[in-house]
Amino acid sequence: MTMIKKLVLVTSEGHPQHKYFVSVANVVRDKLGVELEIRKDDYVYLTNYGATDELGLTWLPQLLAELDNGDVIKVLTEPKLTPQGQLDLDGGIKEALDRIGEYANG
């Protein structure tokens with residue numbers, strides 16, 4: 001059984017979506033009872049494990065999870081939006097938990 005070792009949020013405090021991603025990460029952390037590591041502007045980590053575009057470039061913020069088997073999965077790489085185009089906190093939390101559920105049990 002694979003389990004989440006910790007969540008990793010790679011972000012920048014000046015980014016417009018920083019607070020949204022921190023809120024999602026904190027709720028997911030609390031629900032799973034795991035550690036949350038916040039990395040600031042760590043593009044090397046994202047290049048190795050995060051989402052990238054067709055040119056291999058990455059962006060902030062992104063929420064990932066390190067599994068106890070050493071794998072790193074992408075949990076939330078883009079914000080969820082409401083039909084009105086607003087940031088959707090509940091949608092982001094749901095997507096993050098669903099994504100984790102695809103990989104980890106426990």
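**A short tour of a predicted model**

Hello everyone, let me start with one residue: Asp41 has a relative accessibility of 41%, so it counts as partly exposed (buried is under 20% relative accessible area, exposed is over 50%, and partly exposed is in between, with a 1.4 Å probe and protein chains only). Asp41 is not a glycine, and yet its phi is positive, about 55 degrees. You will find Asp41 in the loop between strand S2 (35-40) and helix H2.

A word on where this comes from. This is a predicted model, where local features need pLDDT of at least 70 and side-chain atom pairs count only at pLDDT 80 or more, while totals for chains, interfaces and linings use all residues. Residues are numbered from 1 along each chain as its sequence is written, and side-chain values use heavy atoms, leaving out hydrogens and water.

Now the overall picture. The protein has three helices and four strands; these are DSSP runs numbered from the N terminus, with helices being H or I of at least four residues and strands E of at least two. Starting at the N terminus, the order is β-α-β-α-β-β-α. The radius of gyration is 13 Å, close to the 13 Å from the globule rule for 106 residues, so the protein is as compact as a globular protein of that length (the radius is taken over C-alpha atoms, and the rule is 2.2 Å times the number of residues to the power 0.38). Of the 106 residues, 40% are buried.

Let's turn to strand S3. Is S3 largely enclosed or not, and why? Six of the six residues of S3, residues 62-67, are buried, so the rest of the structure largely encloses this strand. On one side sit Gln62, Leu64 and Glu66, on the other Leu63, Ala65 and Leu67, and all are buried.

Which strands pair with S3? Strand S1 (residues 4-11) pairs with S3 in the antiparallel sense over six bridges, and strand S4 (residues 72-76) pairs with S3, also antiparallel, over four bridges. Pairing here means that DSSP finds at least two bridges between two strands. Ala65 is a handy landmark: its bridge partner in S4 is Ile73, and Ala65 is itself the bridge partner of Leu7.

Finally, look at either end of S3. In the loop between H2 (43-49) and S3 we meet Pro61, and the peptide bond from Leu60 to Pro61 is cis, with omega near -20 degrees. The hairpin of S3 and S4 has four residues between the strands, and there Gly70 takes a positive phi near 95 degrees.
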